[in-house]
Amino acid sequence: MQNESGENVDLYVPRKCSWTNRLVPAKDHSSVQINVAHVDPVTGIATSDYTPYCLAGYIRFKSEGDMALTALVRQTDANILGGGGGDVGVPMTTTTTTAAVATTSDHMGMEEEE
């Protein structure tokens, strides 16, 4: 709730899962919030900007956290690069401006379809 001057006066503001848009309750101790750094496309150095992603424990319990985070980062990259909404399940072929998060499939030698 906000007061007359527009300041938040609530003691607790719940987070929402970035993947499912569910509210993350205070007692969900398996939820995580991950900040993914933005990378300068010319130098490859991380800037001071980042994009926060919140994943509920429900997604992590179903072992879909890795897939959800990868899809969210790809969708954000498509929006930042001006490609529009971006298809969530389709691999991107352009240079990204957000640091890629290492996924389990990257370490197992699985390659993405182009």
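**Figure 1. Isoleucine 34 in strand E3 of the predicted model.** Isoleucine 34 is part of strand E3. With a relative accessible area of 30%, isoleucine 34 is partly exposed, because that value lies between the 20% limit for buried residues and the 50% limit for exposed ones. Leaving aside neighbours within four places in sequence, isoleucine 34 contacts Thr51, Pro52, Tyr53 and Leu69. One of these contacts, Leu69, is 35 residues away from isoleucine 34 in sequence. The C-alpha atoms of isoleucine 34 and leucine 69 are 9.0 Å apart.

**Figure 2. The hairpin of strands E3 and E4.** Strand E3 covers residues 32–39 and strand E4 covers residues 46–55. The two strands pair in the antiparallel sense, and seven bridges join them. Valine 32 has leucine 55 of E4 as its bridge partner. Six residues lie between the strands of this hairpin. Glycine 44 has a positive phi, near 80°.

**Figure 3. The surroundings of leucine 55.** Leucine 55 is the bridge partner of valine 32, and valine 32 is also among the residues that leucine 55 touches. Not counting residues up to four places away in sequence, the others touched by leucine 55 are Cys17, Trp19, Ser31, Arg60, Gly65, Ala68, Leu69 and Leu72. Leucine 55 also belongs to the largest nonpolar core, as do Cys17, Ala68, Leu69 and Leu72.

**Figure 4. The largest nonpolar core.** Twelve residues make up this core: Cys17, Val24, Val36, Tyr53, Cys54, Leu55, Ala56, Ile59, Ala68, Leu69, Leu72 and Val73. Strand E4 and helix H2 (65–80) each supply at least two of its residues. The largest share, four residues, comes from H2. Two members of the core, Tyr53 and Leu69, are also contacts of isoleucine 34.

**Figure 5. Asparagine 21 in the loop between strands E1 and E2.** Strand E1 spans residues 15–16 and strand E2 spans residues 23–24, with asparagine 21 in the loop between them. Asparagine 21 has a positive phi, near 60°, and is not a glycine. Most residues other than glycine have a negative phi. The relative accessible area of asparagine 21 is 52%, so this residue counts as exposed.

**Figure 6. Serine 63 in the loop between helices H1 and H2.** Helix H1 consists of residues 57–61, and serine 63 is found in the loop between H1 and H2. Phi of serine 63 is positive, about 60°, although the residue is not a glycine. Serine 63 counts as exposed because its relative accessibility is 65%, where the limit is over 50%.

**Figure 7. The whole protein and the confidence of the prediction.** The protein has three helices and four strands, which run β-β-β-β-α-α-α from the N terminus on. Of its 114 residues, 23% count as buried. The accessible surface comes to about 8100 Å², and carbon and sulfur atoms account for 53% of that surface. Among contacts between residues at least 6 apart in sequence, 38% join residues at least 24 apart. The mean pLDDT is 78, and 72% of the residues reach 70 or more. Residues 89–114 have a pLDDT below 50, and this stretch makes 38 contacts in the model beyond near neighbours in sequence.

Conventions. Residues numbered from 1 in each chain as written. Predicted model: local features only at pLDDT ≥ 70, side-chain atom pairs only at ≥ 80, totals over all residues. Heavy atoms only, no water. Pairing = 2+ DSSP bridges. pLDDT = per-residue confidence, 0-100. Contact = heavy atoms within 4.5 Å. Core = buried A, V, L, I, M, F, W, Y, C linked by side-chain atoms within 4.5 Å. Buried < 20%, exposed > 50% of the residue type's maximum accessible area, 1.4 Å probe, protein only. Areas by Shrake-Rupley, 256 points an atom, 1.4 Å probe, with all protein chains shown as cover.
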